[in-house]
Amino acid sequence: MAWTRREDERLVTGKGRYVADIEVPGCLDAVFVRSRIGHGTLRSVDCGPARAVPGVVGAWAATDLAEMPPCVHSAAALQDLPPVPHTVLAKLSSDEAVAGREWPALVKERVRYAGEALAVVLGEDRYRAEDGAAEVTFEIDPLPAMVTPSAAADDSLLLFDGLSNVALQGEAGKPIEDAVWREAAAVVEGRYRQSLLMPSPMECRTILAVPEGDDTLTVWSGHQMPHRLRRELATLLGWSLDRVRVVVPDTGGAFGSKSASFPEFVVVAFLASKLKRPVRWIEDRKESMTAATRGRGQDQHARLASNADGRLLAYQLNIDADVGAYPHLGVGLPMQTAWMATGPYATPEVHATVRSVLTNTMVTYPYRGAGRPEAVIALERSMDTLARKLGMDPAELRRRNFIAPESFPYDTPSGRTYDSGNYAAALDLALKTVDYDRWRAEQARRRTDATAKPLGIGLSCYVERSGGEPGGLHEFGSIEANPDGTIIARCGAASSGQGHETVFPALVAKTLGVDEERVRLIEGDTGEQPEGLGSFASRTAQVAGALLQHVSHLLIGEARKRAAGLWKVPLEQVEWSDGTVHDTQNGSAVMDLSELVKATGTLKVNDRFETRTAFPFGAHVAVAEVDPELGTVQLLQVVTVDDCGVQLNPTLVRGQAFGSCLQGIGQALYEAIPYDDDGAPMLGNGLLDYLLPTFTEVPPIEVRDTCTPSPGSPLGAKGAGESGCIGTPAAVVNAVIDALQVAEPDLLQMPLTPDVVWRAARAPKLEGAR
């Protein structure tokens, strides 16, 4: 069988090696005892009964581990971190946001979210550790829980004494004069709730810490940023970097949720060092649903104005963002929404404000799209509302306001500089693919048939950011040629399912002109590659790919120099072609790379390479049929047209687009975390309570693309992995609103569950609607 990707055969035949598969003699398993309520004062924790359970090696609460460091991020730890993109956001106001609000590794005095760890039990195996954890008792005096930013923002109850629940405030663009709104021909407003979501990778969080004989620690973890994890663990343990090695084995997905350190990681690393024994923690699904990272979580108020012809005049977006109980990575993340508020439109005035609000929920982290889906949903829902008010086709309204292709690079009012784009081409291809006119005709027919189910067509045009922020748009790596003909490519990335083993060796092989079977990739290992940033922000093709192409060219240059010295000829007389060096003046002087290495020694080059931020874009269309009696939504067709510049592997890009589209559908129709009065997520039945789209819910999805190369990367590539999460939700919601013709579209808040849709179907309709 021919495998599409190198890694596929290993992974689908059960030969993958995940953290849970790694066998280490004497390894202890960790189980955490967690709070079942979202907010309260911790009175006591009794680990004594757990220690008496056979097979339990130890059990500890915070009072038993006074020397254990707090979890990141303390302000001091933040200052030690180099400016990688998410850390830049977290450092926007690190003194105000973090100081006094440190995240403890184990709760010391106050529980601030359901699932927060109160104690840890180590056992000779997982079963014994679970038995021990069941014997730990604790007492918590409940406090009122605040699980939405609107509930927490007024500071009537503070999560941290003397400190506001509003941990950070920011803005993008400039305030808009009242006269602009007064004089506009049309103004629409909307309030949108972006529910908290769970990233839900197949493999939950993992860590295995193994003390070595030379007083170092090898950490195995399914992680997106191994060098960051090494740096943070070393900082928190008070160690030098060379005492910690992080290795990322096969990883079962991440979607942004495995990009930093967690309290459990600190506990495991500390106890492994303290006990001089390996310690492993494998998060199970039930635990993950309570205590793992969240995504999204915003309350938004949007206001959009245009003239009588539909030309946009101004856009205002106010954001209250739920960043969870501690100002970790998520505290600055909502600024991504503010910076991308402009979307693909040439709107003269744009202003976005942000309040990052602490709530009694698990910390909000980057989740596939990370701030950009939130921006697109607010803007694209507003665009459809404006089109209805103007009596204009929503496709025409968008065409009329697109930034023109000749306007790039384009400085947005919200502070971004878009690199390149042809937004109308993407929309035109989407409309052609979906057969827009045919569906509009079918919609009109159904609106005259009292027995027909309502049909709606929803559009969504988006621009996103890929690669990261300035200061984090570089990567490190090397190329090494060996005497046996093999070529080793190393880089600071770490795959969690993106196909790096296939894409990167193929890129190196193409650059060198050799067979790709000769090229092997090593990544996700701080022992092999001493510096690196990792995989996040859809950056690996755009940044790490460009780095590997760059060092491949450096290797070619070094090979030519060596050949020139070996043959004693001028450098300009030596050329490179298809993995060989040859003397242009002497036809018999030809040497394969492996022969050159045998003659001159191992050839290795390494470097740091930097690109610029890129701005992928696209247009998505959803066609939805609604059953007003049942409140159900059936997607009849979904079309995604995405432009990620030059595609290194179109098959893998298509897979990324398809998968992220399905996650976007999940956000629109199914996914949300409900909470009870104590602030605990109501997910006792697991994935029966938190609904993910399954194969049964997959509609007909057509994935198409256009190509507008990025001028900021020598590959011309832009990020491809987040498009569907960004563009699809708004298209689906707009389709349902279009079908129901409700007069107040704010009634339809995601997820569009049958209850939400049923109630909206009985609400007042637009004037003249059936």
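The following paragraphs describe selected helices, strands and local backbone features of a predicted model.

Two helices were examined for their length and their burial. Helix α9, which covers residues 226-237, has 12 residues that should span 16 Å at 1.5 Å a residue, and its end C-alpha atoms are indeed 16 Å apart, in agreement with that expectation. Because 11 of the 12 residues of α9 are buried, this helix is largely enclosed by the rest of the structure. The buried set comprises P226, H227, R228, L229, R230, R231, E232, L233, A234, L236 and L237. Just after α9, G238 adopts a positive phi of about 75°. Helix α17, formed by residues 500-512, has 13 residues and reaches 18 Å from its first C-alpha to its last, close to the 18 Å expected at 1.5 Å a residue. Helix α17 is mostly covered, with 10 of its 13 residues buried, and among these buried positions are H500, F504, P505, L507 and L512. A positive phi of about 75° is found at G513, just after α17.

Helix α17 also takes part in the packing around an open sheet of four strands, in which the order is β21-β20-β19-β25 and the pairing is mixed. The edge strands of this sheet are β21 (519-523) and β25 (603-610), each of which pairs on one side only. From one strand to the next, the twist averages 20°. Within the sheet, strand β19 (residues 474-481) and strand β20 (residues 487-491) are paired in the antiparallel sense over five bridges, and S478 has R490 of β20 as its bridge partner. Helix α17 packs on the sheet through contacts with β19, β20 and β21, and its direction makes about 130° with that of β21. Helix α18 (residues 540-567) likewise packs on the sheet, where it touches β19, β20 and β25, its direction making about 140° with that of β25.

One residue of this sheet, H474, was considered in more detail. H474 is located in strand β19 and counts as buried, because its relative accessibility is 9%, under the 20% cut-off. The side chain of H474 makes a polar contact, at 3.1 Å, with the side chain of R608. When neighbours within four places in sequence are left aside, the residues in contact with H474 are L533, R539, V543, R608, F609 and E610.

A further group of paired strands is centred, for the purposes of this description, on β26. Strand β26 (residues 617-627) is mostly covered, with 11 of its 11 residues buried. The side chains alternate in direction: F617, A619, V621, V623, E625 and D627 point one way from β26, whereas G618, H620, A622, A624 and V626 point the other way, and all of these residues are buried. Strand β18 (residues 455-463) runs antiparallel to β26 and is joined to it by nine bridges, with V463 standing opposite F617. Strand β27 (residues 632-643) also pairs with β26 in the antiparallel sense, over 11 bridges, and here the bridge partner of F617 is D643. Strands β26 and β27 form a hairpin with four residues between them, and G631 in the turn has a positive phi of about 75°.

With regard to cysteines, a search of the whole structure finds zero disulfides. C47 counts as buried, at 3% relative accessibility. C707 is in no disulfide, the nearest cysteine sulfur, that of C644, being 7.6 Å away, and C707 is partly exposed, with a relative accessible area of 48%.

Several backbone features in loops were also noted. A cis peptide bond, with omega of about -5°, joins F408 and P409, and P409 is found in the loop between α14 (394-401) and β16 (410-411). The peptide bond from M750 to P751 is cis as well, with omega near -5°, and P751 is placed in the loop between α21 (723-740) and α22 (754-761). Positive phi values also occur in residues other than glycine. Phi of A370 is near 40°, and this residue is placed in the loop between β15 (349-357) and α13 (372-390), where A370 counts as buried at 6% relative accessibility. S538, which is not a glycine, has a positive phi of about 50°; S538 lies in the loop between β21 and α18 and counts as buried at 16% relative accessibility.

Definitions and conventions
Residues are numbered from 1 along each chain as its sequence is written. This is a predicted model: local features need pLDDT of at least 70, side-chain atom pairs count only at pLDDT 80 or more; totals for chains, interfaces and linings use all residues. Side-chain values use heavy atoms; hydrogens and water are left out. Helices (H or I, at least four residues) and strands (E, at least two) are DSSP runs, numbered from the N terminus. The expected span of a helix is 1.5 Å times one less than its number of residues. Buried means under 20% relative accessible area, exposed over 50%, partly exposed in between (1.4 Å probe, protein chains only). Two strands pair if DSSP finds at least two bridges between them. Axes are lines fitted to C-alpha atoms, for helices over the stretch in contact, and angles run from 0 to 180 degrees between N-to-C directions. Contact means heavy atoms within 4.5 Å. A polar contact is a pair of N or O atoms within 3.5 Å; within protein, one must be able to donate a hydrogen and the other to accept it, and residues adjacent in sequence count only if both atoms are side-chain atoms. A disulfide is a pair of cysteine sulfur atoms within 2.5 Å.
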